[in-house]
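Student: I have a protein model open and do not know how to read it. Can we go through its features one by one?

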Amino acid sequence: MPAENARGHAEPTLRERGAGPGRARRFPRGGAGRIPPRRWRTKDTARPEGGGRAAPGDAPAPARQWPLLAVVGLVALGLLVTALDAFRAGTLIIGLALLGGAVLRWLLPDVGMLAVRSRFTDIATYGFLGLAIVLLALMIQPDPLLKLPFLKDILHFTLTK
């Protein structure tokens, strides 16, 4: 009599699955040549807070994910501007898009797939990366818009020792 899985269905044997005497076994032997029941879902992983839909469920898919699409769209625009030889402007757009993602994650209760981890971790990650990209974009040579005098001293100290 075949073994039953959690749903009450009969589990196929290895022979029924096509693993005869001349074929390699892909499944461990569970009892009398039976395949162990499959695990379909992870039961201990919680959805990130704020990971619900940003629009009602009857709205089309792009409307439900507008926060993520806004951030990804701005990043794509920044990459396009960078590819068109406006490096500083493109990287500023990318950094501002990530900072905008941090603000959206902070202000909105549901941001769809923009919520990846906990709210604090998402805000810290988007904010730190966005701020770093904006600061680096402002310090791009030649003619940087932001000059930090201690960076020159650090560079001089590390290269002369």
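Student: How much area does the protein expose, and what share of it do carbon and sulfur atoms supply?

Tutor: Keep in mind that this is a predicted model. The protein exposes about 11800 Å². Carbon and sulfur atoms supply 65% of that area.

Student: Which secondary structure elements should I look for, and in what order do they run?

Tutor: Count helices and strands, then read from the N terminus. Here there are five helices and zero strands. The order is α-α-α-α-α.

Student: What percentage of the residues count as buried?

Tutor: Buried means under 20% relative accessible area. In this protein, 25% of the 161 residues count as buried.

Student: How do I read contacts along the chain?

Tutor: Ask how many positions separate the two residues. Take the contacts with a separation of 6 or more. Residues 24 or more positions apart account for 50% of them.

Student: Which residues form a nonpolar patch on the surface?

Tutor: Look at Leu74, Leu77, Leu80 and Leu84. Together they have about 380 Å² of accessible area. Leucine 80 is in helix H2, which spans residues 66–83.

Student: Why does leucine 80 count as partly exposed?

Tutor: Partly exposed lies between the 20% and 50% cut-offs. Leucine 80 counts as partly exposed because its relative accessibility is 48%.

Student: Now the charged side chains. How many salt bridges does a search of the whole structure find?

Tutor: The search finds two. One joins the side chains of arginine 105 and aspartate 122, at 2.8 Å from N to O. This pair links distant parts of the chain, 17 residues apart. Arginine 105 sits in helix H3 (residues 87–107), and aspartate 122 in helix H4 (residues 119–138).

Student: Are arginine 105 and aspartate 122 buried or exposed?

Tutor: Both arginine 105 and aspartate 122 are buried. Aspartate 122 counts as buried because its relative accessibility is 0%.

Student: Which residues meet in the other salt bridge?

Tutor: Arginine 117 and aspartate 122 meet through their side chains, at 3.0 Å from N to O. Arginine 117 has 32% relative accessibility, so this residue counts as partly exposed.

Student: Aspartate 122 came up in both bridges. Which residues do the shared partners join into one network?

Tutor: The network joins Arg105, Arg117 and Asp122. Find Asp122 on your screen, then trace its salt bridges to Arg105 and to Arg117.

Conventions: Residues are numbered from 1 along each chain as its sequence is written. This is a predicted model: local features need pLDDT of at least 70, side-chain atom pairs count only at pLDDT 80 or more; totals for chains, interfaces and linings use all residues. Side-chain values use heavy atoms; hydrogens and water are left out. Helices (H or I, at least four residues) and strands (E, at least two) are DSSP runs, numbered from the N terminus. Buried means under 20% relative accessible area, exposed over 50%, partly exposed in between (1.4 Å probe, protein chains only). Contact means heavy atoms within 4.5 Å. Accessible areas come from the Shrake-Rupley method with a 1.4 Å probe; for residues, only the protein chains shown count as cover. Patches are made of residues with over 30% relative accessible area and no salt bridge: like charges are joined within 9 Å, nonpolar side chains (Val, Leu, Ile, Met, Phe, Trp, Tyr) within 5 Å. A salt bridge is a side-chain nitrogen of Lys or Arg within 4 Å of a carboxyl oxygen of Asp or Glu.
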